[in-house]
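Grab the coordinates and work through a few exercises on strands, sheets and helices. Try each task before you read its solution.

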Amino acid sequence: MRLKNVLLVVRDIERSKVFYRNLFGLEVIRDFGSNVILTEGLVLQEQEEWEKVMERPVVSGGNDAELYFEEHDIGAFIKKMEQNASMIEYVHEMIERDQGQRVIRIYDPDQHVIEIGESMESVVRRSCGETYVFKQAREEELSDILALYRAAVGTAGCTWSLDYPNADILKDDFQRGNLFCMKNQEQEILGVISIDVDEAVAALPCWTRELRPVAELARLTVKEAYQNRGIARLLLKAAMKELMHRGYRGVHFLVSKTNEKAIRSYGRLEFEVRGDCNLYDTDWWCYEKEFDHNRMERDEDAV
């Protein structure tokens, strides 16, 4: 089971369609008159029809839930808001959270709360003034990468040990051209990821069989000093672009059920949970994503 849609009850469906199109770029993909489905899975339902279904009145403006949108260029979004000023009612104007993320909250025309947050990748770029580079690892970097693997052992949610991943696996990834690093301007390795070849994973029955060819990403880790800054998502996005350029149509990724941080992070990348499995004495969620070539080419991931 997975969450498919979020439904908002609105008084004027045409006004709401304009609001979500002009500010957030959501287009109508199904129009049933009093019920409209927008891109990203948002559903608008006219209040009068909804009250008939529910047999009770709608109470708006409860301030007890919100939609969350993430924006790479918060400055450009502010300009868009200025261009549509007549539509905007602020919960609060832009504030900066402790971790440096800038956020804005507004109401939609029916008093639903909407939060617009700066992507953590953008926070990192802005706060550090750095450009990150995603490249294939070099042979002289293998010892540093192995040290990164070792440093991750025993941390929350990590399933690794001193035996895995080991130097032989690392060397194999390198020789196949499947080992990648994220570096900063000082050429410091911030994180690594591999394109894996694992027949046991590929043979799992939960995958979408029509999605071919498909590859697996694995062995992702980020240096402790750079964690919680969006680097893991940058690695995944860059690795998915690499797979796309190699001709793959999609990607598989296993996430340990105990790795809560990874589960929250990867959820933002719109992976589909296809099922679960037990491999190598560990319980995993099986994540899958079909590539949207146009969207991935537009996406700003600064690599």
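A crossing is called left-handed if the near helix is turned anticlockwise from the far one by less than a right angle, and right-handed if clockwise. Keep that handy for the first exercise, and remember that this is a predicted model.

**Exercise 1. Describe how α5 and α6 pack, and give the hand of the crossing.**

Step 1. Two packed helices are described by the angle between their axes and the distance between the axes. For α5 and α6 the angle is about 130°, and the axes lie 10 Å apart.

Step 2. That makes α5 oblique to α6, because angles over 145 degrees would count as roughly antiparallel and those from 65 to 115 as roughly perpendicular.

Step 3. Now the hand: α5 passes α6 in a right-handed crossing.

Step 4. Which residues meet there? From α5 come L142, I145, L146 and Y149, and from α6 they meet A167, L170 and F174.

**Exercise 2. Work out which face of α5 is buried and what it packs against.**

Step 1. List the buried residues of α5 (residues 142-152): L142, I145, L148, Y149 and A152.

Step 2. Look down the axis of α5: these residues fall within an arc of 115°, so they line one face of the helix. The general pattern helps here: an α-helix has 3.6 residues a turn, so residues three or four places apart point the same way.

Step 3. Flip to the face turned away from the buried side, and you find the exposed residues S143 and A151.

Step 4. The buried residues of α5 pack against α6 (167-175), β10 (179-183), β11 (189-196) and β12.

Step 5. One backbone detail to finish: just after α5, G154 has a positive phi of about 90°.

**Exercise 3. Do the analysis again for α9 (residues 260-267).**

Step 1. The buried residues of α9 are A262, S265 and Y266.

Step 2. They sit on the same side of α9, because the arc they cover around the axis is only 90°.

Step 3. On the face turned away from that buried side, E260 and R264 are exposed.

Step 4. The cover over the buried residues of α9 includes β12 (214-222), α8 (231-245), β13 (250-256) and β15 (282-290).

**Exercise 4. Lay out the sheet that holds β1 and find the helices packed on it.**

Step 1. Write down the strand order: this open sheet of four strands runs β1-β4-β3-β2, with mixed pairing.

Step 2. Find the edges. β1 (6-10) and β2 (28-31) each have a single partner strand, so one side of each is left without a neighbour in the sheet.

Step 3. For the twist, neighbouring strands are turned by 25° against each other on average, direction ignored.

Step 4. Check one pairing: β1 and β4 (residues 42-46) are parallel and share five bridges, with L7 opposite V43 in β4.

Step 5. Add the helices. α1 (residues 13-24) packs on the sheet, touching β1, β2, β3 (35-38) and β4, and its direction makes about 155° with that of β4. α2 (residues 47-54) packs on the sheet too, touching β1 and β4 at about 85° to the direction of β4.

**Exercise 5. Place β8 in its sheet and decide: are its faces covered or open?**

Step 1. The order of this open sheet of four strands is β5-β8-β7-β6, again with mixed pairing.

Step 2. β5 and β6 (89-96) are the edges, each with a single partner strand, so one side of each has no neighbour in the sheet. On average, neighbouring strands are turned by 15° against each other, direction ignored.

Step 3. Look at the partners of β8. With β5 (residues 66-71) it runs parallel over six bridges, and the bridge partners include E66 with V113 and L67 with I114. With β7 (residues 102-107) it runs antiparallel over five bridges, and I106 has I114 as its bridge partner.

Step 4. The hairpin of β7 and β8 has five residues between the strands, and among them Q111 takes a positive phi near 70°.

Step 5. Now the faces: both are covered, with V113, E115 and G117 buried on one side and I114, I116 and E118 buried on the other. That fits the count for β8 (residues 113-118), where six of six residues are buried.

Step 6. Finally, α3 (residues 74-83) packs on this sheet, touching β5, β6, β7 and β8, and its direction makes about 25° with that of β7.

Methods: Residues are numbered from 1 along each chain as its sequence is written. This is a predicted model: local features need pLDDT of at least 70, side-chain atom pairs count only at pLDDT 80 or more; totals for chains, interfaces and linings use all residues. Side-chain values use heavy atoms; hydrogens and water are left out. Buried means under 20% relative accessible area, exposed over 50%, partly exposed in between (1.4 Å probe, protein chains only). Helices (H or I, at least four residues) and strands (E, at least two) are DSSP runs, numbered from the N terminus. Two strands pair if DSSP finds at least two bridges between them. The arc is that of the directions from the helix axis to the C-beta atoms. Contact means heavy atoms within 4.5 Å. Axes are lines fitted to C-alpha atoms, for helices over the stretch in contact, and angles run from 0 to 180 degrees between N-to-C directions. Angles under 35 degrees count as roughly parallel, over 145 as roughly antiparallel, 65 to 115 as roughly perpendicular and the rest as oblique.
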